[in-house]
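Here is a short set of exercises to work through with the structure open beside you. Try each task before reading its solution.

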Amino acid sequence: VGQFGLGKQLYAAISVRNIYANVQRLAAQRGYPRLKNQTPNDYLPTLIGAFPGQEPGLRRITSAYNAVEYGQVSTDPDELARLRAAWEALKQTPSP
């Protein structure tokens, strides 16, 4: 709350963090865990391996997560919808 205040920014930040956490969790279940010393950008190639054909969505999710971590969260509802759609597509992607 201190970083984003109450309202749209907080909701967007929580949504993005939740989506990224779910992506990490599903990747780990598929055998592609994030190492403790990996940044989100370092982990991105691993995610691309875990979810073949989903690179654009993974890049979008990773970029949004990085933005939240550095305090530049987008409150654009269309962007949040695209992030959620990318997450839904990832869940449907068969394991490699």
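**Exercise 1. A stacked pair of rings**

Task: Decide whether Tyr-65 is buried or exposed, and then work out how its ring is arranged with that of Tyr-20.

Solution. Keep in mind that this is a predicted model.

Step 1. Tyr-65 has a relative accessibility of 15%, so this residue counts as buried, the cut-off being under 20%. Tyr-20, at 1%, is buried as well.

Step 2. Searching the whole structure turns up 1 aromatic pair. The ring centres of Tyr-20 and Tyr-65 lie 4.1 Å apart and the planes meet at 15°, so this pair is stacked; the angle has to be under 30 degrees for that label.

Step 3. Now place the two partners. Tyr-20 belongs to helix α1 and Tyr-65 to helix α3, so the pair ties together parts 45 residues apart in sequence.

**Exercise 2. Confidence**

Task: Find which element has the lowest mean pLDDT and which has the highest.

Solution.

Step 1. Start with the chain: its mean pLDDT is 89, and 91% of the residues reach 70 or more.

Step 2. Go on to the elements. The lowest mean belongs to α1, at 90, and the highest to α2, at 97.

Step 3. A word on reading such values: where pLDDT is low, the predicted coordinates should not be read in detail.

**Exercise 3. Two helices, end to end**

Task: Compare the spans of α1 and α3 with what 1.5 Å a residue would give.

Solution.

Step 1. With 22 residues, α1 should span 32 Å. Its end C-alpha atoms are 31 Å apart, which agrees.

Step 2. Helix α3 covers residues 55-69, 15 in number. From first C-alpha to last it reaches 21 Å, close to the expected 21 Å.

Step 3. Look just past each helix. After α1 comes Gly-31, with a positive phi near 95°; just after α3, Gly-71 also has a positive phi, of about 80°.

**Exercise 4. Packing and the core**

Task: Identify what the buried residues of α3 pack against, and which residues have the most contacts inside the largest nonpolar core.

Solution.

Step 1. List the buried positions. In α3 they include Gly-57, Leu-58, Ile-61, Tyr-65 and Val-68. In α1 they include Leu-10, Val-16, Ile-19, Tyr-20, Val-23 and Leu-26.

Step 2. Follow their contacts. The buried residues of α3 pack against α1 (8-29), α2 (40-50) and α4 (77-92), while those of α1 pack against α2, α3 and α4.

Step 3. Turn to the largest nonpolar core, which has 24 residues. Val-23, Leu-47, Phe-51 and Ile-61 have the most contacts inside it. The elements giving two or more residues to this core are α1, α2, α3 and α4, and α1 gives the most, with 8.

Step 4. Take Val-23 as a closer look. Leaving out residues up to four places away in sequence, Val-23 touches Leu-47, Phe-51, Leu-58, Ile-61, Trp-87 and Leu-90. As background, in soluble globular proteins nonpolar side chains tend to be buried together.

**Exercise 5. Salt bridges along the helices**

Task: Work out how many salt bridges there are, and how far apart in sequence Arg-59 and Glu-55 are.

Solution.

Step 1. The count comes to 5 salt bridges, taking a nitrogen-to-oxygen limit of within 4 Å.

Step 2. In α3, Arg-59 pairs with Glu-55, the closest N and O atoms being 2.8 Å apart. These two are 4 residues apart, about one helical turn. Arg-59 is partly exposed at 43%, and Glu-55 is partly exposed at 33%.

Step 3. In α4, Glu-79 and Arg-82 are 3 residues apart, again about one helical turn, and their closest N and O atoms are 3.0 Å apart. Glu-79 counts as buried at 17%, whereas Arg-82 is partly exposed at 35%.

Step 4. Also in α4, Glu-88 and Lys-91 are 3 residues apart and meet in a salt bridge at 3.1 Å, N to O. Glu-88 is partly exposed at 39%, and so is Lys-91, at 37%.

Step 5. Finally, look for shared partners: salt bridges join Arg-60, Glu-79 and Arg-82 into one network.

Conventions: Residues numbered from 1 in each chain as written. Heavy atoms only, no water. Expected span 1.5 Å × (residues − 1). Buried < 20%, exposed > 50% of the residue type's maximum accessible area, 1.4 Å probe, protein only. Contact = heavy atoms within 4.5 Å. pLDDT = per-residue confidence, 0-100. Salt bridge = Lys/Arg side-chain N within 4 Å of Asp/Glu carboxyl O. Core = buried A, V, L, I, M, F, W, Y, C linked by side-chain atoms within 4.5 Å. Phe/Tyr/Trp six-rings, centres within 6.5 Å; stacked < 30°, edge-to-face > 60°.
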